[in-house]
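User: Could you take a close look at one part of this model for me? I'd like a connected walk through a single strand and whatever sits around it.

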Amino acid sequence: MKRLTVPGIARAKGGTPLVMLTAYTARMAQLLDAHCDLLLVGDSLGQVIYGLDTTVRVTLDMMCAHGAAVVRGSYHSVVAVDLPFGTYEAGPAAAFASAARVLRETGCAAVKMEGGAVLADTVRFLVERGIPVMGHVGLTPQAINALGGYGARGKSDAEFAKILSDAKAIADAGAFAMVVEGVVEPLARAITEAVKCPTIGIGGSPACDGQVLVVDDMLGMFERTPRFVRRFDDLAPRIDAAAAAYAGAVRDRSFPAAAELYGVPQHPVAGG
Ligand code: KIV
Ligand code: NA
């Protein structure tokens, strides 16, 4: 299977919905890759991998390390890597330097950045210089200190109009796709109709051109998840049970058994 391309993703607007999941490690990328169109190395790794409260303290070093792992573990999906807070907002030159480092060190095809009209010049600057950019509008978790919470956006007419115009500005600046996160459903629908690039919803709308979830949420690795998460498995209790079974087998000496040892005859041994 040949790797999908950014222009191929951009052309998928209005077709079969795009499938995106986050991934942070090579092994998880291997498992998800064939099922997805895009793998996102999200700065959600701050919470998921590093135990941080928010994404604000995620660094470019973290994104580069995990981005490289996900590219090594995949051969089919387009890999996009989040630019973390503080590495692109100051302006086009800063954003270009950060994005170029991510592309160079990871081999990914695109970067994602959070924001609206204020970021349009930056998106255009990168796109014109060969760096594909995915936008991210609506609930933008890197701005949590300004937003004050993770509630759905676009409930007031003013906020609805603001986010819609932000989405248009990012699309017009050349974003090849955009995440639409945590907005009232009619807004996600309106954005999808208004912009020329595919929209990828999370807490968005089934009308979006694709969907994304944080893989650990989708697998049921977290106790508390937002309303928009569907758990396609319930892994946390299964991991707990496996750890308990391992601990019991170590403590009662049933692990390791004869077949798990080197240099022991493999025919039945006494007590084996
Ligand atoms: O960091 C992340 O996982 C994301 C997705 C939720 C879109 O940005
Ligand atoms: Na993110």
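Analyst: A quick definition before we start: a crossing of two helices is called right-handed if the near helix is turned clockwise from the far one by less than a right angle, and left-handed if anticlockwise. We'll need that further down. Also keep in mind that this is a predicted model.

Let's pick strand β5, residues 133–138. How many of its six residues are buried? Six of the six, so the strand is largely enclosed by the rest of the structure.

Now for what encloses it. Eight strands close into a barrel, in the order β1-β2-β3-β4-β5-β6-β7-β8, with parallel pairing. Averaged over neighbouring strands and ignoring direction, the turn from one to the next is 25 degrees. In that order, β5 sits between β4 and β6.

Take the β4 side to begin with. Strand β4 covers residues 110–112 and runs parallel to β5, joined to it by two bridges. If you want a spot to click on, K112 stands opposite M134 of β5. The way across from β4 goes by helix α6, residues 120–128, and together β4, α6 and β5 make a right-handed β-α-β unit.

On the other side is β6, residues 177–181, also parallel to β5 but held by five bridges. Here the pair to look at is H136 with its bridge partner V179 in β6.

Then there's the helix lying against this patch. Helix α8 packs on the sheet and touches both β5 and β6. Its direction makes about 175 degrees with that of β5.

Helix α8, residues 157–172, also has a helical partner: α9, residues 185–194. Their axes are 10 Å apart and the packing angle is about 30 degrees, and the two helices are therefore roughly parallel to each other. This is where that opening definition comes in, as α8 passes α9 in a right-handed crossing. From α8, the residues that meet the partner are F160, I163, L164, A167 and K168; on the α9 side they are L187, A190, I191 and A194.

For a second helix pair elsewhere, try α4 (residues 60–72) and α5 (residues 92–106), which pack at about 35 degrees with axes 8 Å apart. That crossing is right-handed too. Among the residues making the contact are L60, M63 and C64 of α4 and S98 and R101 of α5.

So, back to where we started: β5 has six of six residues buried, parallel strands β4 and β6 beside it, and α8 packed on the sheet.

Key
Residues numbered from 1 in each chain as written. Chains lettered and ligands numbered in written order. Predicted model: local features only at pLDDT ≥ 70, side-chain atom pairs only at ≥ 80, totals over all residues. Buried ≥ 20, exposed ≤ 12 C-beta atoms within 10 Å, placed from the backbone. Helix = DSSP H or I, 4+ residues; strand = E, 2+ residues; numbered from the N terminus. Pairing = 2+ DSSP bridges. Right-handed = clockwise from strand over helix to strand, strands pointing away. Axes fitted to C-alpha atoms, helices over the stretch in contact; angles between N-to-C directions. Parallel < 35°, antiparallel > 145°, perpendicular 65-115°, else oblique. Contact = placed C-beta atoms within 7 Å.
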